[in-house]
Amino acid sequence: MGMSAAASPKAGGRRRRPRRHGAIAEINMTPFIDVMLVLLIIFMVAAPLIATGVPIDLPQTGAKPINVDQKPITIAIDDKGQIFLQDQPTLEPDLVQKLQGIAKQGTDERIYVRGHKQVDYGRVASVMATITSAGFRRVALVTEPHSR
């Protein structure tokens with residue numbers, strides 16, 4: 001029931017000094033970094049799924065992806081030829097008026113046209129002609145890269 005020799009201050013053991021500072025309240029960085037990496041992976045996987053609204057099977061090309069600073073205006077043409085402006089169904093005669101209402105930078109706004117690969121090319125060309133006749137010059141077609 002006695003004290004051990006190593007714990008006794010008289011036996012040459014070290015005495016514990018009381019702490020001068022309070023408890024250290026720091027975040028343990030290893031679990032924090034692990035959580036951040038898991039969230040990064042989740043968002044990298046989920047971001048492409050969020051970007052497309054109307055399901056369209058795009059044609060494939062060998063073009064490089066374009067770097068975009070801001071979210072562009074998207075126009076989608078599904079396999080039935082129906083037009084969607086920012087995922088909302090739109091008729092071609094109303095397209096220019098709605099585009100001018102959405103475009104914050106006027107006719108310098110970037111517009112992406114996504115056409116289903118089964119839709120007639122004339123339909124896609126007609127929509128692009130309608131857009132460019134309204135003065136929009138930064139119009140581009142969106143395609144899928146070739147699968148290797």
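What share of the contacts in the protein with a separation of 6 or more comes from residues 24 or more positions apart? The figure is 69%. Keep in mind that this is a predicted model. The chain has 148 residues, and 23% of them are buried. It holds 3 helices and 7 strands, and from the N terminus on they come in the order α-β-β-β-β-α-β-α-β-β.

**Strands β2, β3 and β5**

- Start with β2, residues 73-77, which is mostly covered, with 4 of its 5 residues buried.
- On one side of the pairing list is β5 (residues 111-115), which runs parallel to β2 and is joined to it by 5 bridges. Within that pair, I77 of β2 sits opposite G115.
- β2 also pairs with β3 (residues 83-85), this time antiparallel and over 3 bridges. Here I75 has L85 as its bridge partner.
- The β2-β3 hairpin leaves 5 residues between its strands, and G81 takes a positive phi near 90 degrees there.

**Helix α2 and its two sides**

- Helix α2 covers residues 92-102, and its buried residues include E92, L95 and L99. Looking down the helix axis, the buried residues fall within an arc of 20 degrees, so they line one face of α2.
- That fits a general pattern: an α-helix has 3.6 residues a turn, so residues three or four places apart point the same way.
- Flip to the face turned away from the buried side and you find exposed residues, namely P93, Q97 and G101.
- What lies over the buried residues of α2? The cover includes β2, β3, β4 (88-90), β5 and α3.

**The nonpolar core**

- The largest nonpolar core counts 17 residues. Those with the most contacts inside it are I75, L95, L99, I111, V127, I131 and F136.
- At least two residues of this core come from each of β2, β3, α2, β5 and α3.
- As a rule, nonpolar side chains in soluble globular proteins tend to be buried together.
- Take I131 as an example: leaving out neighbours within four places in sequence, I131 touches I75, L95, L99, I111, V113, F136 and V139.

**V113, seen up close**

- V113 belongs to strand β5. Is V113 buried or exposed? Its relative accessibility is 0%, so V113 counts as buried.
- Setting aside neighbours within four places in sequence, V113 is in contact with I75 and I77, with V124, M128 and I131, and with V139, A140, L141 and V142.
- V113 and V127 lie 14 residues apart in sequence, and their C-alpha atoms are 8.5 Å apart in space.

**The salt bridge**

- How many salt bridges does the structure hold? There is 1, and it brings together the side chains of E92 and R123 at 2.6 Å, N to O.
- The pair ties together distant parts of the chain, with E92 in α2 and R123 in α3 (residues 121-133), 31 residues apart.
- The general idea is simple: side chains of opposite charge can pair when their charged atoms come close.
- The two partners sit in different classes of exposure: E92 is buried because its relative accessible area is 17%, under the 20% cut-off, while R123 counts as partly exposed at 27%.

**The outside**

- The protein exposes about 11,800 Å², and carbon and sulfur atoms supply 57% of that area.

Notes
Residues are numbered from 1 along each chain as its sequence is written. This is a predicted model: local features need pLDDT of at least 70, side-chain atom pairs count only at pLDDT 80 or more; totals for chains, interfaces and linings use all residues. Side-chain values use heavy atoms; hydrogens and water are left out. Buried means under 20% relative accessible area, exposed over 50%, partly exposed in between (1.4 Å probe, protein chains only). Two strands pair if DSSP finds at least two bridges between them. A salt bridge is a side-chain nitrogen of Lys or Arg within 4 Å of a carboxyl oxygen of Asp or Glu. Contact means heavy atoms within 4.5 Å. A nonpolar core is a set of buried Ala, Val, Leu, Ile, Met, Phe, Trp, Tyr and Cys residues joined through side-chain atoms within 4.5 Å. The arc is that of the directions from the helix axis to the C-beta atoms. Accessible areas come from the Shrake-Rupley method with a 1.4 Å probe; for residues, only the protein chains shown count as cover.
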